[in-house]
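Work through the exercises below with the structure open. Try each task before reading its solution.

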Amino acid sequence: MMGPETPFGFESPPVREEMESLALSDAPSSNYRSAMSSSLPAAVSAASVDAGGGDPLLYPPHHLQFSPSSPASGDGGDASSSSASSFLEPPSYADVVFSPFESQNNGGSGGADQGSFIRRDCSPRSARTAASDYLKIAVADPQKEQETANSLVPGGATYITYLITTRVRSAAAGEGETGPIEFSVRRRFRDVVTLADRLAEAYRGFFIPPRPDKNVVESQVMQKHEFVEQRRSALEKYLWRLAEHPVIGKSDELRVFLEAKGKLPLPTTTDVASRMLDGAVRLPKQLFGEGPAAQVAPQDVVQPARGGRDLLRIFKELKQAVTNDWGGVKPLLVEEDKEFLEKKEKMQDLEQQLSTASQQAEALVKGQQDIGETMGELGLAFIKLTKFETEEGVYNTQKVQAADTKIVATAAVKASRLYRELNAQTVKHLDTLHEYLGLMLAVHSAFSDRASALLTVQTLMSDLTTLNTRIEKLEAASSKIFGGDSSRLRKVEELRESIRATENAKNCAIKEYERIKENNRNELDRLDRERHDDFLSMLKGFVINQVGYSEKIANVWATVAEETSRYARDRN
Amino acid sequence: MISPETSPPRSSSQSPRSPSAAPFLSISVTDPVKLGNGVQAYISYRVITRTNLPEFQGPEKIVIRRYSDFVWLHDRLAEKYKGIFIPPLPEKSAVEKFRFSAEFIEMRRQALDIFINRIASHPELKQSEDLRTFLQEDEETMERARSQETGIFKKPADLIQIFKDVQTKVSDVVLGKEKPVEETDPDYEKLKHYIFGLEDHLAETQKQAFRLVKRHKELGQSLSDFGKAIKLLGACEGNSLGKVFSELGAKSELLSIKLQKEAHNLLMNFEEPLKDYVRAVQSIKVTFADRANAFRQHCELAETTKLKEINLDKLNLMRSDKVREAEMEYRELKAESEQATRRFETIVRLMNEEIVRFQEQKTADMGLAFHQFAKGQAKLANDIADAWRSVLPKIEACTVSSQHG
């Protein structure tokens with residue numbers, strides 16, 4: 001802690017930068033401002049100490065014995081004196097002191113470091129990461145590239161590519177390889193969209209982490225550098241989320257995205273659009289009932305109708321949906337799983353509360369930030385006053401007063417810093433709320449996968465009913481004609497063919513539906529488990545953070561109160 | 001609050017001391033009560049005087065006073081005691097809506113209490129008859145005195161003075177003296193420079209202090225909202241985790257209250273003293289103006305007297321019959337000039353004493369304000385730490401159970 005004798009540097013007019021370099025340390029503070037202004041603190045991986053692996057939940061809370069007396073006052077100076085570099089690395093300071101239960105170190109702010117998403121701390125999240133095939137995923141080095149083929153504008157539009165480096169666990173590598181393998185590919189945002197779309201198709205019923213937004217407006221409005229950095233960071237986070245997912249983390253789509261050099265070998269979403277055009281061509285044939293084109297092929301059934309080529313199917317399912325809602329007859333198969341319906345309601349409730357909590361968390365963070373800022377401004381004003389009294393002082397009492405204001409000024413500046421550090425940590429902890437709110441989107445998706453699979457089954461069942469009815473009618477009509485009606489009987493045969501095919505399709509669809517239901521079930525369980533752990537971790541981290549920093553702030557002011565206590569005594 | 005204990009009376013004081021106890025004069029301004037209706041509503045205060053000084057009517061006296069009574073006293077003292085830094089009053093006007101808020105009333109009451117006690121502990125001011133009037137006379141007398149002052153009809157002496165001022169201003173212009181005459185004392189220059197600078201710096205600190213109060217209130221509000229939201233979120237979770245959420249939410253709301261309390265403490269015991277000193281510095285500037293006026297008068301009268309003397313000598317030589325008249329005029333003028341010079345010199349002397357006193361008081365008052373500030377912040381931070389710490393056992397319990405469960 002700063003002793004009162006530490007000299008102020010009063011040679012030049014105190015400006016904000018100078019204020020921060022005053023008194024608390026002799027170390028230069030050139031990057032203080034940038035470190036402080038970014039909401040996510042500068043890369044900590046270098047400075048943070050790995051508190052050791054293993055489940056934090058098993059640890060005795062040793063940091064709770066963090067006593068507020070001498071170690072803390074020593075710690076107050078530690079940030080300044082111990083770290084050789086900038087003394088104001090908030091996370092490293094806090095890490096050393098608290099071993100906080102942060103969910104992740106969001107690396108790479110402002111291009112100071114390459115974004116390296118190395119998880120070092122112990123938290124439920126890192127336990128999941130440890131189970132992933134991927135040891136490291138980093139997104140870095142944004143480059144501008146020219147749009148070559150398909151360029152409508154001569155001179156071309158440009159786009160940004162990112163360098164994605166991945167380190168894979170040795171077991172996942174090919175045979176004959178020992179040790180982790182590194183991959184390095186270049187991807188653009190469009191590729192990410194493709195990846196997300198393909199995953200959505202392949203993993204119906206799963207809670208697939210939502211991809212970063214396209215941000216069309218922001219990309220025009222924001223400063224280029226800021227926007228690119230924001231996107232880079234979001235991409236990194238997204239890829240990590242995918243890698244952590246017990247099922248999707250092992251997917252081919254992800255592997256291909258991370259490892260395949262050159263162009264991303266996944267069908268793009270525009271390809272799907274052209275499939276729709278193909279489907280439009282097919283439609284007339286379907287309507288006239290010509291051959292195999294008329295029926296839904298079993299393999300198609302496992303995909304939702306929308307986005308596919310089969311326009312006829314889309315129409316039928318739409319009709320079915322309307323019948324479900326408005327027709328008087330209950331469909332043959334309905335969502336009956338009580339457990340699911342309960343869980344669904346719970347999810348809706350959770351989403352609502354998360355939304356509110358997320359908002360209030362933002363407000364809280366802002367409140368803490370504001371108070372820290374104002375405290376800093378107050379400190380600055382007092383520093384100016386001190387300097388003034390010192391320069392223009394004539395009487396002895398003025399010297400005393402100057403000394404007093406200096407004490408207060410220093411304390412205020414210190415407290416201001418502590419508030420900001422506190423807040424940086426708070427942001428990290430409460431971020432869990434925002435994350436889970438985002439995850440609710442994935443839950444919606446998964447539930448709607450289920451609903452559309454159900455709809456497919458219902459539609460096929462309706463089809464069957466219709467076909468059977470037609471056969472009945474034809475047979476009834478035909479039986480009235482003596483000797484049978486060959487044309488009608490032929491028709492009946494055709495219809496029976498149709499029925500067989502449709503039965504097949506229906507069985508496929510039911511299998512798919514059951515598969516999706518199973519996925520839903522497993523994912524819901526996983527969500528409950530992980531949410532419990534993550535929330536507990538969040539609360540614990542938040543509380544410990546508050547306790548630690550409040551104790552520090554209390555110390556700072558207790559010293560000042562002590563040093564000015566004579567004024568209270570004199571008054572009495 | 002400033003201690004009403006007076007230091008042993010200075011040599012200029014005439015009051016005999018009672019042998020048994022040290023002399024004291026202690027005043028408190030309490031019990032603000034809203035009186036009147038509508039636009040004419042105002043706040044009245046109880047002013048309780050406790051003293052053993054013989055000039056007063058008894059050991060204890062209680063009167064009812066309102067803000068304009070304090071203004072009357074201030075203005076009378078400012079008129080009579082030139083050269084002394086009259087303690088500042090809280091601001092006259094306030095936004096209508098705010099005028100009767102509990103906070104504003106409390107701030108004003110505190111400021112008035114400090115004001116009157118500062119007067120009571122000032123060696124010169126406490127002997128003022130106006131002070132005794134203020135502390136002892138009944139409300140009707142007070143009202144009469146007040147309305148006399150604020151009337152348009154000023155005393156004849158004042159009118160003459162105003163005329164004289166105008167006269168000198170006009171003659172200045174006529175004589176081509178455009179620049180007002182000013183002192184060139186380097187120490188005084190330094191003092192003026194210091195006071196003007198001090199006002200700026202103090203105003204800045206006061207502004208930030210006020211903002212800090214607001215921030216405390218805002219953070220309190222955020223914590224309260226956050227607590228509620230967390231509780232609701234916890235209701236979605238079950239069992240032990242839900243309990244943790246609930247506990248966290250409850251603590252959050254508790255801390256919100258503590259923050260509001262600290263905001264009030266900051267306002268009354270840190271921001272207000274700073275504001276008080278801004279006003280005090282502004283009051284010193286008034287004294288500067290008084291001194292400048294006195295200096296100007298002294299210079300001008302000295303000048304005019306000299307001219308008259310020269311004229312008189314001329315008339316004497318000429319053996320004019322206007323000599324007698326001129327001599328009378330000269331003698332009058334000389335007396336006035338000497339009076340003006342004395343007035344000026346008194347102001348200078350008083351100011352020198354006052355500035356020392358001011359600095360001492362400032363150090364003590366600000367020191368106390370700092371102490372209160374630091375104490376409040378330390379207590380708040382400790383309360384916050386304690387509140388959050390108390391949640392940890394529940395978190396631990398939840399952690400343990402989730403491992404085994």
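Four exercises on a predicted model follow.

**Exercise 1. Helix H6 and helix H8 of chain A**

Determine how H6(A) and H8(A) pack, and which residues meet.

*Solution.*
- Step 1: Locate the helices. H6 covers residues 189-202 of chain A, and H8 covers residues 224-244 of chain A.
- Step 2: Take the geometry. The angle is about 25°, and the axes lie 12 Å apart.
- Step 3: Classify. Angles under 35 degrees count as roughly parallel. H6(A) is therefore roughly parallel to H8(A).
- Step 4: Assign the hand. The crossing of H6(A) past H8(A) is left-handed.
- Step 5: List the contacts. H6(A) contributes A:Phe189, A:Val192, A:Leu195, A:Ala196 and A:Leu199. H8(A) answers with A:Arg231, A:Leu235, A:Tyr238, A:Leu239 and A:Leu242.
- Step 6: Sort them. Nine of the contact residues are nonpolar, none is polar and one is charged.

**Exercise 2. A salt bridge within H6(A)**

Find how A:Glu201 and A:Arg198 are placed in their helix, and how their side chains meet.

*Solution.*
- Step 1: Place the pair. Both residues belong to helix H6 of chain A. They are three residues apart, about one turn of the helix.
- Step 2: Check the distance. The N to O distance is 3.0 Å. A salt bridge requires such a pair within 4 Å. The side chains of A:Glu201 and A:Arg198 form one.

**Exercise 3. Helix H12 and helix H14 of chain A**

Describe the packing of H12(A) on H14(A), then the character of the contact.

*Solution.*
- Step 1: Locate the helices. H12 spans residues 311-326 of chain A; H14 spans residues 396-480 of chain A.
- Step 2: Take the geometry. The axes are 9 Å apart, at an angle of about 95°.
- Step 3: Classify. The range 65 to 115 counts as roughly perpendicular. H12(A) is therefore roughly perpendicular to H14(A).
- Step 4: Pick out the contacts. From H12(A) they include A:Arg313, A:Lys316 and A:Glu317. From H14(A) they include A:Thr456, A:Ser462 and A:Asp463.
- Step 5: Sort the contact residues. Two are nonpolar, six are polar and four are charged.

**Exercise 4. The interface of chain A and chain B**

Work out how much area is buried between chain A and chain B, and how many salt bridges link them.

*Solution.*
- Step 1: Count residues. Chain A gives 67 residues to the contact, and chain B gives 67 residues.
- Step 2: Read the area. About 6000 Å² is buried, with 74% from carbon and sulfur atoms.
- Step 3: Find the main contributors in chain A. A:Phe388, A:Leu539 and A:Arg571 lose the most area to chain B. Together they make up 11% of what that side buries.
- Step 4: Count the salt bridges. There are six between chain A and chain B. The structure holds 59 over all chains.
- Step 5: Inspect a salt bridge. B:Glu237 and A:Arg531 pair through their side chains at 2.7 Å, N to O.

Methods: Residues numbered from 1 in each chain as written. Chains lettered and ligands numbered in written order. Predicted model: local features only at pLDDT ≥ 70, side-chain atom pairs only at ≥ 80, totals over all residues. Heavy atoms only, no water. Axes fitted to C-alpha atoms, helices over the stretch in contact; angles between N-to-C directions. Helix = DSSP H or I, 4+ residues; strand = E, 2+ residues; numbered from the N terminus. Parallel < 35°, antiparallel > 145°, perpendicular 65-115°, else oblique. Left-handed = near helix turned anticlockwise from the far one by under 90°. Contact = heavy atoms within 4.5 Å. Nonpolar A, V, L, I, M, F, W, Y, C, P; charged D, E, K, R; others polar. Buried area = accessible area lost by both parts, 1.4 Å probe.
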